[in-house]
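Hi,

Here is the structure I said I would pass on. Have a look first, and my notes follow below.

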Amino acid sequence: MATLATKQSASGGARVKVQQLGRLLSGMVMPNIGAFIAWGLITALFIPTGWAPNEQLAKLVGPIITYLLPLLIGYTGGTMVHGKRGGVIGALVTMGVIIGSDIPMFLGAMLVGPLAGWVLKWFDRMVDGKIKAGFEMLVNNFSLGIIGGALALGAYTGVGPFIQGLTNILSSGVEFLVNNHLLPLVNIIIEPAKVLFLNNAINHGILSPIAVQQAASTGKSILFMLESNPGPGLGILLAYWLAGKGSAKTSAPGAIIIHFLGGIHEIYFPYILMNPRLILAVIGGGVTGTFTFQLLGAGLSASPSPGSIFAYIAMTPKGGYLPMIAGVIAATAVSFFIASVLLKTVKESKEEMDLEEASAKLKGMKTAGAAPQIATAQSVTAQNAIVSNTSGAIRSKGEVRKIVFACDAGMGSSAMGASVLRKKLQNAGVQVTVVNSPVSEIPADADIVVTQKTLTDRAIANNPKAEHVSIDNFLKSPKYDELVERLS
């Protein structure tokens, strides 16, 4: 048992570290997605093959992708590490990698932005409390200028050429996969990684930098479609709606709207976690969709974020609607077929029975004055979707003033969950603040933190004092009603 616990702990720790790296990468891009979309729309409209070719307006395309977008990424990366000072030095050093290369420096900005912020943060800590009164501004300004200038020179002479070489290698790898019709196999890795909440890291941290470079030269890139295709998730939700049972069946129609139209893919992850075999369905759908995209020459002009069908329509270049729609439909059909077969092989709704058992157990433990930590009842072999309190003393009614929903990016599924619980609390007349945030930026004054179970370890690490509630489905969870009942 001790050996098993050690292995599980190591596995969980590795997963958390990967998620943290993914959060760092995607966190530098996602706040700037609006700028990427603006660039994509300008590209789709005004380049020679666009909807409304215009030589003068098309002059915006080059400077935005070469300077503005990398600088935004570098500034954001530096800010994440060391506030505004980190942002300024991050942008400064990013300029070094931009000038030191001949290609868009997204990967370079992701590297030097946080690194420059960390170096300045280290220096500020070294001199903290050692500067004589009246010299603070002088030291602060000159330290940033000297350190930033030195790092910019190093980025220009060393990092820029290195990142350009690395980008060329990655681009060559993608070109090899495309030329040999192997690109669909990438979805065998992408789809499971998405369910582990690495979707934003994959899309914005890995695929988008290469895709933007392709789009700048050809007007479109299929790489924008590998992770963001809403078809595989739509197939899963349709299968639950038509072949599922219990709460999963009743909640699926609402989840379809949020996923397919709203673009929040995280909504279908819990449905896979209920029955892990369904990962085969999304892999099949993803591979089929990418194969169809590649066969018909599909591509998007910029990242469709969030991954809504509306975003797909907006980012589709002239003449690309049929290939795009065909790929989404093909992915949906294959995912739906495989998921339906797998769901029908389940003799009874084991997840529903387990959910009821867990709820009853939780209430019984509360009544008996249970210990703060309540073990989760989920196991892969049982293929259930059990979620429960995982850490922190259970707060009484008078102690709860703020409930925080946290997800990887703090904008999608957590916002949806916060909205659902906020409405329930308002209807019950409970005056409690309910907000959403990234799991890496949970407010220190949070009394209760609600996360999906794969992110709970990270949430506990970022705010160990709060009560942590782990759930599987932000759209519908019995934990909401239990919280409302407890706080009423």
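Residues 320–343 are 96% helix and 0% strand, with 35 Å between the C-alpha atoms at the two ends. Keep in mind that this is a predicted model. I picked that span from the UniProt entry, which is unreviewed and annotates "transmembrane region" at residues 33–51, 57–76, 88–118, 138–159, 278–300 and 320–343. Set residues 88–118 beside it: this span is 81% helix and 0% strand, yet its end C-alpha atoms lie 12 Å apart.

Next, the aromatic rings. There are five aromatic pairs in the structure. One of them is Phe-36 with Phe-106, a tilted pair with 5.6 Å from centre to centre and 40° between the planes. This pair links distant parts of the chain, since Phe-36 belongs to helix H2 (residues 33–46) and Phe-106 to helix H4 (residues 106–127), 70 residues apart. Phe-36 and Phe-106 are both buried.

Helix H4 also turns up among the salt bridges, of which the whole structure has six. Arg-85 pairs with Asp-124, and their closest N and O atoms are 3.1 Å apart. Here again distant parts of the chain are linked: Arg-85 sits in helix H3 (residues 61–99) and Asp-124 in helix H4, 39 residues apart. As for burial, Arg-85 counts as partly exposed because its relative accessibility is 21%, whereas Asp-124, at 16%, counts as buried. The cut-off between those two classes is 20% relative accessible area.

Further along the chain, Lys-402 and Asp-445 form another salt bridge, with 3.1 Å from N to O. Lys-402 is in strand S2 (residues 402–407), while Asp-445 is in the loop between strand S3 (433–438) and strand S4 (448–452), so this bridge ties together parts that are 43 residues apart in sequence. Lys-402 is buried, with 19% relative accessible area, and Asp-445 is partly exposed, with 45%.

What about Arg-486 and Glu-467, buried or exposed? Arg-486 is buried, and Glu-467 is too. Their side chains meet in a salt bridge of 2.9 Å, N to O. That bridge runs between helix H16 (residues 478–487), which holds Arg-486, and strand S5 (residues 467–471), which holds Glu-467, with 19 residues separating the two in the chain.

Now for the surface. Phe-176, Leu-182, Leu-185, Ile-188 and Ile-189 make a nonpolar surface patch of about 480 Å². Ile-188, one of these residues, lies in helix H6 (residues 187–218). Its relative accessibility is 43%, which means that Ile-188 counts as partly exposed.

One backbone detail to finish. Which sign does phi have at His-181? The value is positive, near 55°, in a residue that is not glycine. Most residues other than glycine have a negative phi. His-181 is in the loop between helix H5 (136–179) and H6. With 60% relative accessible area, His-181 is exposed.

That's what I have for now. Shout if anything is unclear.

Cheers

Terms used. Residues are numbered from 1 along each chain as its sequence is written. This is a predicted model: local features need pLDDT of at least 70, side-chain atom pairs count only at pLDDT 80 or more; totals for chains, interfaces and linings use all residues. Side-chain values use heavy atoms; hydrogens and water are left out. Rings of Phe, Tyr and Trp (its six-membered ring) pair if their centres lie within 6.5 Å; planes under 30 degrees apart count as stacked, over 60 as edge-to-face and the rest as tilted. Helices (H or I, at least four residues) and strands (E, at least two) are DSSP runs, numbered from the N terminus. Buried means under 20% relative accessible area, exposed over 50%, partly exposed in between (1.4 Å probe, protein chains only). Patches are made of residues with over 30% relative accessible area and no salt bridge: like charges are joined within 9 Å, nonpolar side chains (Val, Leu, Ile, Met, Phe, Trp, Tyr) within 5 Å. Accessible areas come from the Shrake-Rupley method with a 1.4 Å probe; for residues, only the protein chains shown count as cover. A salt bridge is a side-chain nitrogen of Lys or Arg within 4 Å of a carboxyl oxygen of Asp or Glu. UniProt positions are given in the numbering used here, feature names are shortened, and annotations may be inferred rather than shown by experiment.
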